Amino acid sequence: MKLISNFSSFVKVLAGNTALLNDVGTLGTSNLTLVLGNESADLDSMVSSLTLAYVLSAQKNSSSVGNVVAVMNTNRADMVLRQDCQVLLQSALLAEGGKGIEDLTFIDDIDLQAVVGRYSSDSNSNKKKEQEQEGIGRPALDVWLVDHNAPASRQSFLEDYVRGIVDHHVDEGKCQAAQWREIESVGSCSTLVAAKVRSLGNPVDPTLAKLMLAPVLLDTDNFSAASQRATEKDRDIRSWLVPLVEWAPHASSSSSSSLLEGAAGAGSSDAEGDDEAQSSGRELQVSSAQELYKTLDKLKGSVKHLASEDLLRKDYKQWQVADGAGKVWAVGISSVAYRMQKWLKRDGVGGVEDAVQAWIAKQGLDVALIMTHGKARPRKKQPKAYGRDLAVGFSQAGVSGLQESLLVRLLRESDTLGLQSLHVDDLQSDMDRSRMLFFAQTRSESSRKQVFPAVKHAIESM
């Protein structure tokens with residue numbers, strides 16, 4: 001078993017992880033630890049998964065943890081929707097001697113349920129029988145959840161294997177048997193994982209420092225007082241990481257526009273796309289934390305070219321919530337960095353509505369909530385301002401009109417959301433006729449981390 005002495009040595013073993021999880025001959029014969037972020041797979045979730053896997057790998061040198069594999073909880077092809085993740089991870093992995101994003105393990109690279117099955121009590125390979133006869137304990141599967149504290153509804157089979165949780169969302173009360181439950185309301189989950197990296201006492205190289213700093217900056221809106229997301233722990237981690245990064249001289253730092261041009265090729269399977277990906281990864285040279293934030297924020301917000309389905313799936317989470325009458329609701333929430341006014345004007349009210357209804361059918365949802373955010377003009381000739389909107393669509397087959405009305409009333413009454421009817425010049429008559437409901441969310445500091453608990457409470461109150 002290769003010793004992990006630093007982040008560079010950790011990166012160099014990533015390329016073998018996918019094959020390891022697909023090797024039915026040896027899988028299940030030795031201890032295995034999986035680290036999974038949440039299914040929205042944003043930058044915080046991906047970086048947290050990777051860096052927590054590094055921490056556990058470094059600790060395994062003096063323990064029986066076994067192989068540690070970070071699994072990116074999204075499909076490999078969907079990385080083209082996440083240009084901020086693409087550029088930062090490509091840059092970091094190349095800088096540490098890896099091949100880039102191709103080294104990572106994505107959720108569709110493996111059969112996760114089959115992996116778990118190899119460690120179930122009724123899976124008893126000849127190798128396991130030999131080990132038990134020799135007095136060797138049954139190999140164990142440990143799952144660590146990062147940036148969420150309960151498995152996604154489609155991954156509920158993981159719950160019995162969860163041994164650790166590191167998260168900054170509201171505690172859903174699941175996985176109580178986990179040996180480590182670190183759930184703390186900070187701005188970024190990467191803050192909590194970075195604290196673990198610091199506790200290792202190993203030297204932190206500049207690449208790892210930049211990798212961990214980036215999601216902390218994005219999740220706190222660069223420590224903006226208006227967003228009210230940063231905590232003292234986030235500020236402490238920022239103060240620790242910033243001096244560890246090797247910042248480029250200002251004159252040689254790259255612009256976000258050049259990164260945008262190259263990012264479209266990352267994740268492509270053709271040779272030209274791979275060259276573009278490597279080029280864009282190596283170009284992530286910025287002169288300050290401020291420039292790092294601005295570059296990645298611009299990449300993250302480059303979504304207006306995406307089709308409606310891509311907007312809905314780019315940053316998406318799904319849950320099951322039971323109401324007071326026993327009905328189990330399938331709830332999906334998409335977070336979209338594209339204001340609803342712009343989206344409606346681009347595709348028309350009918351176009352957005354059709355896309356949402358198709359998404360509801362595809363995901364088997366009872367209710368879809370679409371949270372949009374960014375800058376837009378509230379009215380014609382008014383200055384642009386940051387804000388949030390919330391659109392709500394229901395399954396036409398699975399939800400009655402009475403259930404729709406009750407849930408909408410409860411959402412309107414939520415202080416967490418502060419909903420008001422959304423008005424868009426020139427489209428109001430179409431919006432009034434729509435089956436969907438469109439709201440301005442006046443509590444703009446409430447992200448999905450706060451909105452889902454409000455939705456969950458509303459459904460449970462029905």
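## Cysteines

A search of the whole structure, which is a predicted model, finds zero disulfides. A disulfide is a covalent bond between the sulfur atoms of two cysteines. In this model no pair of cysteine sulfur atoms lies within 2.5 Å, the cut-off for a disulfide, so none is assigned.

Three of the cysteines can be described by their accessibility. Cys85 has a relative accessible area of 1% and is therefore buried, since the limit for that class is under 20%. Cys189 reaches 0% relative accessibility and counts as buried, and Cys175, at 5% relative accessibility, counts as buried too.

## Positive phi values in two loops

Cys175 is also notable for its backbone, as its phi is near 55 degrees, a positive value in a residue other than glycine. The residue lies in the loop that runs between strand E5, residues 162-167, and strand E6, residues 180-183.

Asp221 likewise has a positive phi, near 50 degrees, and is a residue other than glycine. Asp221 is found in the loop between helix H8, which covers residues 206-219, and helix H9. With a relative accessible area of 23%, Asp221 is partly exposed, because this value falls between the limit of under 20% for buried and that of over 50% for exposed.

## Helix packing

Helix H7, residues 189-200, packs against helix H9, residues 232-241, at an angle of about 50 degrees, and the two axes are 10 Å apart. That angle makes H7 oblique to H9, because it belongs neither to the range under 35 degrees that counts as roughly parallel nor to the range of 65 to 115 degrees that counts as roughly perpendicular. The crossing of H7 and H9 is left-handed.

A further packing involves H8 and helix H12, residues 289-300, whose axes are 9 Å apart and meet at an angle of about 70 degrees. H8 is therefore roughly perpendicular to H12, and the crossing of these two helices is right-handed.

## Contacts between residues apart in sequence

Helix H9 also holds Ser239, which at 52% relative accessibility counts as exposed. The C-alpha atom of Ser239 is separated by 9.8 Å from that of Leu213, although the two residues are 26 positions apart along the chain.

Leu93, by contrast, is buried, with a relative accessible area of 1%, and is found in helix H4, residues 83-95. Between Leu93 and Thr207 the C-alpha to C-alpha distance is 8.7 Å, while the separation in sequence is 114 residues.

## Aromatic rings and charges

The structure holds five aromatic pairs. Ring pairs link Phe7, Phe10 and Tyr54 into a cluster.

Aromatic rings also take part in arrangements with charged side chains. The charged end of Arg238 sits over the ring of Phe223, at 3.9 Å from the ring centre, and the charged end of Lys327 sits over the ring of Trp329, at 5.3 Å from the ring centre.

How values were computed
Residues are numbered from 1 along each chain as its sequence is written. This is a predicted model: local features need pLDDT of at least 70, side-chain atom pairs count only at pLDDT 80 or more; totals for chains, interfaces and linings use all residues. Side-chain values use heavy atoms; hydrogens and water are left out. Rings of Phe, Tyr and Trp (its six-membered ring) pair if their centres lie within 6.5 Å; planes under 30 degrees apart count as stacked, over 60 as edge-to-face and the rest as tilted. A charge sits over a ring if NZ of Lys or CZ of Arg is within 6 Å of the ring centre and within 35 degrees of the ring normal. Buried means under 20% relative accessible area, exposed over 50%, partly exposed in between (1.4 Å probe, protein chains only). Axes are lines fitted to C-alpha atoms, for helices over the stretch in contact, and angles run from 0 to 180 degrees between N-to-C directions. Helices (H or I, at least four residues) and strands (E, at least two) are DSSP runs, numbered from the N terminus. Angles under 35 degrees count as roughly parallel, over 145 as roughly antiparallel, 65 to 115 as roughly perpendicular and the rest as oblique. A crossing is left-handed if the near helix is turned anticlockwise from the far one by less than a right angle, and right-handed if clockwise.
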